[in-house]
Amino acid sequence: MTTAIPDAVLDFIEVGEGASARRIAVRHRTGQGSGQGPGVVWLGGFKSDMQGGKAVALDAWAAEHGRAAVRFDYSGHGESSGEFADGTIGSWLEDSVAVFERFCTGPQILIGSSMGGWMALLLAREIRNRREKAQAKASLAGLVLIAPAPDFTEELMWKTFSPAVKKEIETKGFWLRPSEYGDGTPYPITRKLIEEGRNHLVLGSAIDLGCPIRILQGAQDPDVPWQHAFALTHRLPADDVVLTLIQDGDHRLSRPQDITRILAAVAEIV
């Protein structure tokens with residue numbers, strides 16, 4: 001008889017103060033027994049949530065293998081409070097750090113999809129800094145990045161926007177971008193998102209995180225071109241960094257065969 005795997009526990013934590021205070025939704029499970037391998041932390045994409053196919057598959061895999069698992073929604077996403085238009089890379093990084101500090105113990109693998117890839121790099125750097133100051137109870141075992149989009153606010157948005165769109169953002173403070181995802185409702189790209197994102201750019205210098213990194217990238221990705229993944233690899237150390245280019249893969253990389261590859265990459269990191 002197969003034992004049913006319990007659902008992950010749903011919790012909420014408060015992040016920020018005053019007008020910027022928000023309630024962050026977190027689903028987590030503890031590891032079962034020793035020697036099961038590092039815990040896993042899911043970092044979702046821009047305008048996505050922790051109930052997506054890849055996040056749910058990762059949680060199920062963690063449960064099956066007795067691994068600790070954490071996934072959450074950034075402010076303005078999913079079950080967390082706040083307005084999407086108020087979010088910035090910095091505020092979502094603050095959410096990520098708060099969740100990691102509260103729910104993670106011991107070695108962890110950060111799995112970041114799209115914007116979550118950028119978030120994973122920023123969070124990993126923060127973890128290393130805190131470990132060096134002996135302030136952290138959790139450590140970094142490795143990163144798995146899926147169609148990673150570091151610096152996307154600058155490289156994939158601002159630099160590609162037409163003069164008319166840039167003018168609208170500068171004068172109105174936002175532009176409603178058409179969407180091919182979800183229900184197709186346009187969503188705001190704010191001047192604050194673009195300008196604050198410049199405080200967190202990582203592709204201008206070397207990124208040495210001292211851990212294994214696996215990158216999966218679709219060659220047919222219309223949102224994050226494969227060249228962007230190559231640009232990232234050039235900023236990473238040569239040792240223990242593997243880039244897998246999926247010739248027929250799109251941006252989501254959520255087909256069964258894609259999820260199998262993602263889980264295999266996670267399992268590689270011990």
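In the predicted model, Y187 has a relative accessibility of 12% and is therefore classed as buried. Two phenylalanine rings pair with the ring of this tyrosine, and both belong to residues remote from Y187 in sequence. The ring of F84 has its centre 6.3 Å from that of Y187, and the two planes meet at 90°, so the arrangement is edge-to-face. F84 is situated in the loop between β4 (69–72) and α2 (89–103), whereas Y187 belongs to strand β8; the pair thus links distant parts of the chain, 103 residues apart. F84 is likewise classed as buried, because its relative accessibility of 11% is under the 20% limit.

By the ring-centre criterion, the model contains 11 aromatic pairs. In the pair formed by F46 and Y187, the ring centres are 5.8 Å apart and the planes stand at 70°; as this angle is over 60 degrees, the geometry is edge-to-face. F46 is placed in the loop between β3 (39–43) and α1 (53–64), and Y187 in strand β8 (residues 187–190), so this contact ties together parts separated by 141 residues in sequence. The relative accessible area of F46 is 17%, which means that F46 is buried. Y187, F46 and F84 belong to one aromatic cluster, which also includes F72, Y74, W92, W118 and F152.

Two arginine residues are positioned over aromatic rings. The charged end of R23 sits over the ring of F12, at 3.9 Å from the ring centre. R198 lies over the face of W158, with a distance of 5.6 Å to the ring centre.

W118, a member of the aromatic cluster, is also found among the buried residues of helix α3. This helix comprises 18 residues (residues 115–132), which should span 26 Å at 1.5 Å a residue; the end C-alpha atoms are 26 Å apart, so the model agrees with the expected value. The buried residues of α3 are M115, G116, G117, W118, M119, A120, L121, L122, L123, A124 and I127.

Positive phi values occur in the vicinity of this helix and elsewhere. Most residues other than glycine have a negative phi. S114, in the loop between β5 (106–113) and α3, nevertheless has a positive phi near 55°. S114 counts as buried, because its relative accessibility is 12%. Just after α3, A134 adopts a positive phi of about 55°.

A further positive phi, near 60°, is found at D151, a residue other than glycine. D151 is located in the loop between β6 (138–146) and α4 (152–157). Its relative accessibility is 3%, so D151 is classed as buried. Despite this burial, D151 has no salt bridge; the nearest side chain of opposite charge is that of R235, 8.0 Å away. A salt bridge would require a separation within 4 Å, which means that the distance to R235 does not meet the criterion. With residues up to four places away in sequence left out, D151 touches W118, L156, H200, L201, V202 and L203. One of these contacts, W118, belongs to the aromatic cluster that contains Y187.

Terms used
Residues are numbered from 1 along each chain as its sequence is written. This is a predicted model: local features need pLDDT of at least 70, side-chain atom pairs count only at pLDDT 80 or more; totals for chains, interfaces and linings use all residues. Side-chain values use heavy atoms; hydrogens and water are left out. Rings of Phe, Tyr and Trp (its six-membered ring) pair if their centres lie within 6.5 Å; planes under 30 degrees apart count as stacked, over 60 as edge-to-face and the rest as tilted. Helices (H or I, at least four residues) and strands (E, at least two) are DSSP runs, numbered from the N terminus. Buried means under 20% relative accessible area, exposed over 50%, partly exposed in between (1.4 Å probe, protein chains only). A charge sits over a ring if NZ of Lys or CZ of Arg is within 6 Å of the ring centre and within 35 degrees of the ring normal. Lys and Arg count as positive and Asp and Glu as negative; His and the chain ends are not counted. Contact means heavy atoms within 4.5 Å. The expected span of a helix is 1.5 Å times one less than its number of residues.
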